[in-house]
Amino acid sequence: QVQLVESGGGLVHPGGPLLPPCAASGSTVTTYVVGWYRQAPGKGRELVASTTSGGRTQYVEYVLGRFTSSRASAKNTMHLQMKTLKPEDKAVYFCNRHCVTEGDYWGQGTQVTVSS
């Protein structure tokens, strides 16, 4: 059974960093397409970053240069390194594993709030 568990969210001041991890079990983070999504209050879920099994990552334009998605195969964990956070980055962040034949698996989400 595939499970994804995020943690590491919380309250951060504008300009501050966060590094929420996503721990995977029942599947490896390096074998499938994995990604990070977010859902802001009153809005739909949107893609933030997506990494192929080969390690190529694409980012949505408004996080370029500020967010970095990485995978740690030894711990079977993903991280979303977030720098220079802005109030508009406030959202629930979800990690995702995608497979064409198996569908999507989601973590439960972790709340990130950016406020002074």
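These legends walk through close-up views of the aromatic residues in this predicted model.

**View 1. An aromatic cluster in the predicted model.** Welcome to the rings: Tyr37, Phe94 and Trp106 make up one aromatic cluster. Two aromatic pairs are found in the structure, and the next two views take them in turn.

**View 2. Tyrosine 37 meets tryptophan 106.** These two residues form an edge-to-face aromatic pair, with 4.8 Å from centre to centre and 70° between the planes. Tyrosine 37 belongs to strand β4 (residues 33-39) and tryptophan 106 to strand β10 (residues 103-106), so the pair ties together parts that are 69 residues apart in sequence. Tyrosine 37 counts as partly exposed, at 21% relative accessibility. Tryptophan 106 is partly exposed too, with a relative accessible area of 34%.

**View 3. Phenylalanine 94 meets tryptophan 106.** Here is another edge-to-face pair: phenylalanine 94 and tryptophan 106 are 6.4 Å apart, centre to centre, with 90° between the planes. The pair links distant parts of the chain, 12 residues apart, with phenylalanine 94 in strand β9 (residues 91-99) and tryptophan 106 in strand β10. Phenylalanine 94 has a relative accessible area of 8%; buried means under 20%, so this residue counts as buried.

**View 4. Arginine 45 over two rings.** Now bring in a charged neighbour of the cluster: arginine 45 lies over the face of phenylalanine 94, at 3.7 Å from the ring centre. Arginine 45 also lies over the face of tryptophan 106, where the distance to the ring centre is 4.6 Å. Phenylalanine 94 and tryptophan 106 are themselves an aromatic pair, so keep View 3 at hand as you look at this one.

Methods:
Residues are numbered from 1 along each chain as its sequence is written. This is a predicted model: local features need pLDDT of at least 70, side-chain atom pairs count only at pLDDT 80 or more; totals for chains, interfaces and linings use all residues. Side-chain values use heavy atoms; hydrogens and water are left out. Rings of Phe, Tyr and Trp (its six-membered ring) pair if their centres lie within 6.5 Å; planes under 30 degrees apart count as stacked, over 60 as edge-to-face and the rest as tilted. Helices (H or I, at least four residues) and strands (E, at least two) are DSSP runs, numbered from the N terminus. Buried means under 20% relative accessible area, exposed over 50%, partly exposed in between (1.4 Å probe, protein chains only). A charge sits over a ring if NZ of Lys or CZ of Arg is within 6 Å of the ring centre and within 35 degrees of the ring normal.
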